[in-house]
Amino acid sequence: VSMSTDFNPDTHPENGHDFENWVAEHLQRFGWNTKVTTGSGDQGVDIIASLEGQTVGIQCKRFKKPVGNKAVQEIAAGAKHYGLTHAMVIGTGGYTKSAKELATSTGVLLVSHRDIPSLSKLIKS
């Protein structure tokens with residue numbers, strides 16, 4: 001599988017929905033299969049990504065400010081709802097202390113959009 005490594009995290013779009021598609025597209029470049037869920041009723045899961053038998057529910061947060069608890073709660077529940085192996089929030093503005101604490105206790109991975117090239121390493125650990 002040839003991997004396109006021309007990844008520039010600074011090219012991400014401003015619009016939230018466009019950001020979801022951007023994340024999915026860039027994950028595909030690094031070997032993931034991705035499906036962007038659309039609209040309401042997605043249970044907080046914006047993207048379902050899979051790689052080597054691992055399935056990851058991803059919530060995308062295109063915020064300038066740190067992401068709070070709500071995103072962690074939503075993706076933890078959403079990933080469970082879909083029977084996925086991992087739950088992850090990809091944010092552009094960091095995370096609050098409270099979000100980090102909740103993520104630790106619920107097993108949700110909090111990452112930056114800059115981590116997209118190395119996400120496969122994160123889910124293997």
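Ring pairs join F7, F19, W22 and F30 into a cluster. The structure in which this cluster appears is a predicted model, and the count of aromatic pairs comes to three.

One of these pairs is formed by F7 and W22, whose rings are 5.9 Å apart from centre to centre, with 40° between the planes. The pair is tilted, because that angle is neither under 30 degrees, as stacking would demand, nor over 60, as an edge-to-face arrangement would. F7 belongs to the segment before helix 1 (16-29), whereas W22 is part of helix 1 itself, so their contact ties together parts that lie 15 residues apart in sequence.

Both partners of this pair are buried. F7 has a relative accessible area of 15%, and W22 has a relative accessibility of 8%; each is classed as buried because its value falls under 20%.

W22 also pairs with F19: the ring centres are 5.9 Å apart and the planes meet at 15°, so this pair is stacked. Here the two residues share an element, since F19 and W22 are three residues apart in helix 1, a separation of about one helical turn. F19 is likewise buried, with a relative accessible area of 0%.

W22 therefore takes part in a tilted pair with F7 and in a stacked pair with F19. The former reaches from helix 1 to the segment before it, while the latter lies within helix 1. F30 is also a member of the cluster that the ring pairs link.

Technical notes
Residues are numbered from 1 along each chain as its sequence is written. This is a predicted model: local features need pLDDT of at least 70, side-chain atom pairs count only at pLDDT 80 or more; totals for chains, interfaces and linings use all residues. Side-chain values use heavy atoms; hydrogens and water are left out. Rings of Phe, Tyr and Trp (its six-membered ring) pair if their centres lie within 6.5 Å; planes under 30 degrees apart count as stacked, over 60 as edge-to-face and the rest as tilted. Helices (H or I, at least four residues) and strands (E, at least two) are DSSP runs, numbered from the N terminus. Buried means under 20% relative accessible area, exposed over 50%, partly exposed in between (1.4 Å probe, protein chains only).
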